Amino acid sequence: MDFNLYFAWAAWITLLIIVLSRPLADLLQVKFIRKIQLKRKWIGLICGAMVVLHVVVYSITFSVSLKFFFDSSYWDFAKFTGWGGLAFVTMIPLLLTSNNYAIRLLKRNWKRLQRLTYLFFIASGIHIYMVGGKWPLTLVPMAIWLTLWVWAYFLNLSKRNKVKQ
Ligand code: HEM
C-alpha cells in the first residue's frame with residue numbers, strides 16, 4: 001500500500017468515529033461513547049492532520065504539483081478528485097473553528113457551521129468509493145450512519161414532545 005494511504009485510511013476511520021459517536025451516544029446512553037463524543041474536537045484535529053498528510057505525501061511521492069488543485073479538470077464530480085477536493089474545502093472551516101475562541105465568537109452560528117461535517121463526511125465517502133470501490137468500507141458505514149442519525153433524530157423529537165405535554 002502507498003504510504004499516503006495509511007494517512008488516508010486513518011482520516012476515514014477518525015471521521016467515522018466522529019460522525020457515528022453522536023447518534024450512538026443519543027441512542028445507547030453508554031458512558032464510553034459519550035466520552036468519545038466529548039473528545040470529538042481532538043479527534044477532528046487528528047482527522048484533519050491525516051487528510052493534510054494524505055494529500056501532501058501523495059503529492060510528494062508522485063510529484064504532483066498542488067497547482068493541479070486550481071485546475072478546472074480537477075473539479076470534475078464524475079471523478080474521485082472533485083469529491084476529494086470538496087471534502088478538503090469543507091474541512092478547512094471546520095478545522096479553523098475547532099477551538100474555544102471560535103465557539104465564543106460565532107455563538108449559535110458555530111453549531112450551524114458544524115453541520116458542514118456531514119458534507120465533509122459524505123464527500124469523503126464518495127471520494128474513497130470512487131477510488132477503489134470498497135463499498136463495505138464506505139457505503140455500508142454511510143448507510144449505518146444515516147439510519148442511526150434518522151433514528152436518533154426521531155427519538156430526540158419524541159422526548160422533546162413528551163416534555164412539552
Ligand atoms: C484534496 C483532497 C484529496 C486529494 C487530492 C486526494 C487524493 C487521493 C488520491 C490521488 C488517491 C489514490 C491514491 C493511490 O491510489 O495511491 C486517494 C485515495 C484515498 N483517499 Fe484521498 N484525496 C483527498 C481527500 C481525501 C479525504 C478528505 C479523505 C478522507 C477523509 C480521503 C481518503 C482517501 C482514502 C481512504 C483513499 C484510499 C482508497 C482505496 O484504497 O481504495 N481522501 N486520494
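Biologist: Which helix supplies the largest share of the shell around the ligand?

Modeller: In this predicted model, H1 does, with six residues. H1, H3, H4 and H7 each supply at least two residues of that shell.

Biologist: What makes a residue count as near the ligand, and which come nearest?

Modeller: The C-beta atom of the residue must lie within 6 Å of the ligand. The shell has 21 residues, and Ala8, Gly84, Ala87, Phe88 and Gly132 come nearest.

Biologist: How many residues of the shell are nonpolar, polar and charged?

Modeller: The shell has 13 nonpolar, six polar and two charged residues. Gly counts as polar here, so Gly84 and Gly132, which are among the nearest residues, fall in the polar class.

Biologist: What makes a set of residues a nonpolar core, and how many residues has the largest one?

Modeller: Its members must be buried residues of the nonpolar kinds, joined through C-beta atoms within 7 Å. The largest such core has 22 residues, and Ala11, Trp12, Leu15, Val19, Cys47, Val51 and Phe120 have the most contacts inside it. Two or more residues come from each of helix H1 (3–28), helix H3 (40–61), helix H4 (80–96) and helix H7 (116–132). H1 gives the most, eight residues.

Biologist: Why might such residues be found together?

Modeller: In soluble globular proteins, nonpolar side chains tend to be buried together.

Biologist: Which residues does Val51 touch, leaving aside its neighbours within four places in sequence?

Modeller: Val51 is in contact with Ala11, Phe88 and Met91. Contact means that the C-beta atoms lie within 7 Å, so each of these three meets that cut-off with Val51.

Biologist: How do you know that the span of H1 is close to the expected one?

Modeller: H1 has 26 residues, and the expected span is 38 Å at 1.5 Å a residue. From first C-alpha to last, H1 reaches 37 Å, so the two values are close.

Biologist: Where does H1 bend, and what follows?

Modeller: The bend is at Ser21, about 35°, and Pro23 follows within four residues. The angle is taken between axes fitted to the seven residues ending at Ser21 and the seven starting there. After H1 comes Gln29, with a positive phi near 50°.

Biologist: How many helices and strands does the protein chain have?

Modeller: It has eight helices and zero strands.

Biologist: What share of the residues in the protein chain is buried?

Modeller: Of the 165 residues, 22% are buried. A buried residue has 20 or more other C-beta atoms within 10 Å of its own, so that 22% meets this cut-off.

Key
Residues numbered from 1 in each chain as written. Predicted model: local features only at pLDDT ≥ 70, side-chain atom pairs only at ≥ 80, totals over all residues. Buried ≥ 20, exposed ≤ 12 C-beta atoms within 10 Å, placed from the backbone. Contact = placed C-beta atoms within 7 Å.
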